[in-house]
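Welcome! Please take a moment to look over the sequence and the fold before reading on.

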Amino acid sequence: INAGNRLWHIDSSYMDVRSAQALLLCHEAPPGPAPTQFADTRQAYDDLSQAMKDRIEGLTARHCYFYSRMKAGYPTTEDELDQMPHAHQPLVLDHKGSGRRALCLGNHARDIVGLNREEGRALIDELNAFATQDRYVIEVDYTAGDMSIWDNLCVMHRAGVFDDTAYRRDMRRTTINESGPESS
């Protein structure tokens, strides 16, 4: 089930209250490179064509935790997914911290409200591929004691690939939820 972490995602996008920031502390890393990759969805949004920006304006994606797991090989059916919780997230966020717009994507995004499933998934796949081009990505290769902090409202990430049958990877994440009306 952890194979889904190796797909591009935004932490907790499948929950109504999103994760705003995350801290990841490495306690143990496998030998050799297995970097976590981070993609800037603000710059990716900025670089979209105006036609694409117009096309996605106002669209909402449905995010489901087990959809990303299914994509990574976990045995789940579409019918089973239909019965699981989903969160609705705008495809384009206004990022308050920077005043810029950002894409809210990743592999938890299952479909687009108002589009047929095939069309919605094709759009999500196209945008995910665009936002994870090398020019938007940085890598962090951890050793014990390293920590990274990122803004989940404008960054997608994915775990590095390593042989998890031979090596341990002990990473501890702390998530800070987005504030909402309850915090006023």
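This report walks through a sheet, a hairpin and the nonpolar cores.

Keep in mind that the model is predicted. A good place to begin is the open sheet, where three strands follow the order E8-E2-E10 with antiparallel pairing. E8 (137-140) and E10 (155-158) are the edge strands, and each has a single partner strand, so one side of each lacks a neighbour in the sheet. On average, neighbouring strands here are turned by 25° against each other, direction ignored. In general, strands of a sheet pair through backbone hydrogen bonds.

Two strand pairs can be set side by side:

| Strand pair | Sense | Bridges | Facing residues |
|---|---|---|---|
| E2 (residues 36-40) and E8 | antiparallel | four bridges | Thr36 and Val140 |
| E5 (residues 92-95) and E6 (residues 100-103) | antiparallel | four bridges | His95 and Arg100 |

The second pair forms a hairpin with four residues between its strands, and there Gly99 has a positive phi near 75°.

Now for the interior. The largest nonpolar core holds 27 residues, and Ile56, Leu91, Leu103 and Leu127 have the most contacts inside it. Helices H1 (41-47), H2 (50-56) and H5 (117-131), together with strands E5 and E7 (109-112), each give two or more residues to this core. H5 supplies the largest share, four residues.

What does Ile56 touch, not counting residues up to four places away in sequence? Its partners are Tyr45, Leu48, Leu91, Val92, Leu103, Leu123 and Leu127. Apart from this core lies another, of ten residues, including Leu24, Tyr142, Val155 and Met171.

Methods: Residues numbered from 1 in each chain as written. Predicted model: local features only at pLDDT ≥ 70, side-chain atom pairs only at ≥ 80, totals over all residues. Heavy atoms only, no water. Pairing = 2+ DSSP bridges. Core = buried A, V, L, I, M, F, W, Y, C linked by side-chain atoms within 4.5 Å. Buried < 20%, exposed > 50% of the residue type's maximum accessible area, 1.4 Å probe, protein only. Contact = heavy atoms within 4.5 Å. Axes fitted to C-alpha atoms, helices over the stretch in contact; angles between N-to-C directions.
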